[in-house]
Amino acid sequence: MKARQLAEREGTPDAYLRLRVVAGGCSGFEYVFGWEREPRAADVVVEGPDGAQVFIDPKSLPFVDGTELDYDTALLSKGFVLNNPNAKSTCGCGSSFSV
């Protein structure tokens, strides 16, 4: 998974991806990504290919449950891409959504 490669490139090969949803963005909610070495006590840990893990806090989980996470390697739009079945609409940049 691209997340493992990115963590290694950031110099934190033992870190995993954290996905949070916060109020904001042009559509009402936005995704926030970060790196953490260990999940928090209440986190849901989603296992991906190649030992990749994504930590999701309980408040964010209802907003992203069922979401597919991918990575776009296009020159102009490089970054994580979320296919979120819970989103009623998204903004043009893809990092903000409404439910």
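The following legends describe close-up views of a predicted model of one protein chain.

**Figure 1. Overall fold of the protein chain, with two helices and eight strands.** From the N terminus onward, the elements follow the order α-β-β-β-β-α-β-β-β-β. The radius of gyration is 13 Å, close to the 13 Å given by the globule rule for 99 residues, so the protein chain is as compact as a globular protein of that length. Along the principal axes, the C-alpha atoms occupy a box of roughly 35 × 35 × 20 Å. Among contacts between residues at least 6 apart in sequence, 41% connect residues at least 24 apart.

**Figure 2. Surface and charges of the protein chain.** Buried residues make up 30% of the 99 in the protein chain. The accessible surface amounts to about 6,000 Å², and carbon and sulfur atoms account for 51% of this area. The protein chain carries 10 positive and 14 negative charges, and the mean positions of these two sets lie 5 Å apart.

**Figure 3. The stacked aromatic pair of Tyr-31 and Phe-97.** Six aromatic pairs are found in the whole structure. In the pair shown here, the ring centres of Tyr-31 and Phe-97 are 4.6 Å apart, with 20 degrees between the planes; the pair counts as stacked because this angle is under 30 degrees. Tyr-31 belongs to strand β2 (residues 28–36) and Phe-97 to strand β8 (residues 96–98), so the pair ties together parts that are 66 residues apart in sequence. Both Tyr-31 and Phe-97 are buried. Ring pairs also join Tyr-31 and Phe-97 with Phe-29 and Phe-63 in a cluster.

**Figure 4. Surroundings of Tyr-16 in strand β1.** Strand β1 comprises residues 16–24. With neighbours within four places in sequence left aside, the contacts of Tyr-16 are Arg-4, Gly-34, Trp-35, Glu-36, Arg-37, Gly-51, Gln-53 and Phe-55. A distance of 27 Å separates the C-alpha atoms of Tyr-16 and Val-99, two residues that are 83 apart along the chain.

**Figure 5. Glu-68, an exposed residue of strand β5.** Strand β5 spans residues 68–72 and contains Glu-68. The relative accessible area of Glu-68 is 55%, and the residue is exposed because this value lies over 50%. Not counting residues up to four places away in sequence, Glu-68 touches Val-81, Leu-82 and Asn-83. The C-alpha atom of Glu-68 is 19 Å from that of Trp-35, a residue 33 positions away along the chain.

**Figure 6. Ala-74 in the loop between β5 and β6.** Strand β6, at one end of this loop, covers residues 79–83. Ala-74 has a relative accessibility of 32% and therefore counts as partly exposed, since the value falls between the limits of 20% and 50%. The C-alpha atoms of Ala-74 and Gly-48 are separated by 22 Å, and the two residues are 26 apart along the chain.

Technical notes: Residues are numbered from 1 along each chain as its sequence is written. This is a predicted model: local features need pLDDT of at least 70, side-chain atom pairs count only at pLDDT 80 or more; totals for chains, interfaces and linings use all residues. Side-chain values use heavy atoms; hydrogens and water are left out. Helices (H or I, at least four residues) and strands (E, at least two) are DSSP runs, numbered from the N terminus. The radius of gyration is taken over C-alpha atoms; the globule rule is 2.2 Å times the number of residues to the power 0.38. Buried means under 20% relative accessible area, exposed over 50%, partly exposed in between (1.4 Å probe, protein chains only). Contact means heavy atoms within 4.5 Å. Accessible areas come from the Shrake-Rupley method with a 1.4 Å probe; for residues, only the protein chains shown count as cover. Lys and Arg count as positive and Asp and Glu as negative; His and the chain ends are not counted. The place of a charge is taken as NZ of Lys, CZ of Arg, CG of Asp or CD of Glu. Rings of Phe, Tyr and Trp (its six-membered ring) pair if their centres lie within 6.5 Å; planes under 30 degrees apart count as stacked, over 60 as edge-to-face and the rest as tilted.
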